[in-house]
Amino acid sequence: MMKRVSFVILCVVALAVVVFSGETCMVEAVTCNPIELSPCLAAIMMPSQPPSAACCSKLKEQQPCFCGYIKDPTLKQYMNNPNIPKVASSCGVAYPPQC
């Protein structure tokens with residue numbers, strides 16, 4: 001009887017380890033949407049204005065999308081604005097020099 005209880009406890013612990021270790025490895029995917037960067041418009045259009053916390057948050061969230069935006073013919077002209085890398089730098093976000 002004692003062996004059976006020990007085996008059941010061991011199985012429950014092993015199952016818990018598998019379940020909880022899987023949760024720590026999950027990463028939420030970023031949905032690339034250039035409209036999400038709209039909180040940064042004021043800082044981009046007026047270089048003397050520092051970026052807001054909302055802008056920095058969105059830049060960090062959308063950072064994996066930057067190369068896609070730069071390569072997109074409809075967005076390229078906007079993404080080549082020299083103020084965008086400055087705003088990103090102010091937020092501590094790396095802006096790709098080339099993609």
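## Working through a six-helix model

With -70° about the S-S bond, Cys-56 and Cys-91 are joined by a left-handed link. These two cysteines come from distant parts of the chain, 35 residues apart: Cys-56 belongs to helix α3, Cys-91 to the segment after α6. Keep in mind that what you're looking at is a predicted model.

**Exercise 1. Get your bearings: work out how many helices and how many strands the protein has.**

Step 1. Go through the secondary structure and you'll find six helices and zero strands.

Step 2. Read from the N terminus on, and the order is simply α-α-α-α-α-α.

Step 3. Now look at how the chain folds back on itself. Take the contacts between residues at least 6 apart in sequence: 64% of them join residues at least 24 apart.

Step 4. Finally, check the inside. Of the 99 residues, 23% are buried.

**Exercise 2. Find out which handedness the Cys-40 and Cys-55 disulfide has, and where its two ends sit.**

Step 1. Start with the sulfur atoms of Cys-40 and Cys-55, which lie 2.1 Å apart. A disulfide needs the sulfurs within 2.5 Å, and this pair is one of four disulfides in the structure.

Step 2. Place the ends. Cys-40 is in the loop between α1 and α2, while Cys-55 is in helix α3, so the bond ties together parts 15 residues apart in sequence.

Step 3. Turn to the torsion about the S-S bond of Cys-40 and Cys-55: it's about 105°, so the disulfide is right-handed.

Step 4. For contrast, try Cys-67 and Cys-99. The torsion there is about -80°, so that disulfide is left-handed. Cys-67 sits in helix α4 and Cys-99 in the segment after α6, 32 residues apart.

Step 5. Compare how covered these cysteines are. Cys-40 is buried, at 1% relative accessible area, and Cys-55 is buried at 0%. Cys-67 is partly exposed at 27%, and so is Cys-99, at 44%.

**Exercise 3. Explain why the buried residues of α6 are on the same side of the helix.**

Step 1. List the buried residues of α6: Asn-83, Ile-84, Val-87 and Ala-88.

Step 2. See how far they spread around the axis. The arc is only 135°, which puts them on the same side of α6.

Step 3. Think about helix geometry. An α-helix has 3.6 residues a turn, so residues three or four places apart point the same way.

Step 4. Flip to the other side of α6, where Lys-86, Ser-89 and Ser-90 are exposed.

Step 5. Ask what lies over the buried side. The cover includes α2, α3 and α5.

Step 6. Zoom in on Ala-88, which is buried with a relative accessible area of 0%. Beyond its sequence neighbours up to four places away, Ala-88 touches Leu-59, Val-93 and Tyr-95.

**Exercise 4. Trace what surrounds Gln-62.**

Step 1. Locate Gln-62 in helix α3. Is it buried or exposed? Its relative accessible area is 0%, and the cut-off for buried is under 20%, so Gln-62 is buried.

Step 2. Look for a polar partner. A polar atom of the Gln-62 side chain lies 3.1 Å from the backbone nitrogen of Asn-33.

Step 3. Add the other contacts. Leaving out residues up to four places away in sequence, Gln-62 touches Asn-33 and Tyr-69, among others.

Step 4. Follow the trail to Tyr-69. In the largest nonpolar core, with 19 residues, Tyr-69 is one of those touching the most other members. Elements giving two or more residues to this core are α2, α3, α4 and α6.

Terms used: Residues are numbered from 1 along each chain as its sequence is written. This is a predicted model: local features need pLDDT of at least 70, side-chain atom pairs count only at pLDDT 80 or more; totals for chains, interfaces and linings use all residues. Side-chain values use heavy atoms; hydrogens and water are left out. Buried means under 20% relative accessible area, exposed over 50%, partly exposed in between (1.4 Å probe, protein chains only). Contact means heavy atoms within 4.5 Å. A nonpolar core is a set of buried Ala, Val, Leu, Ile, Met, Phe, Trp, Tyr and Cys residues joined through side-chain atoms within 4.5 Å. Helices (H or I, at least four residues) and strands (E, at least two) are DSSP runs, numbered from the N terminus. The arc is that of the directions from the helix axis to the C-beta atoms. A polar contact is a pair of N or O atoms within 3.5 Å; within protein, one must be able to donate a hydrogen and the other to accept it, and residues adjacent in sequence count only if both atoms are side-chain atoms.
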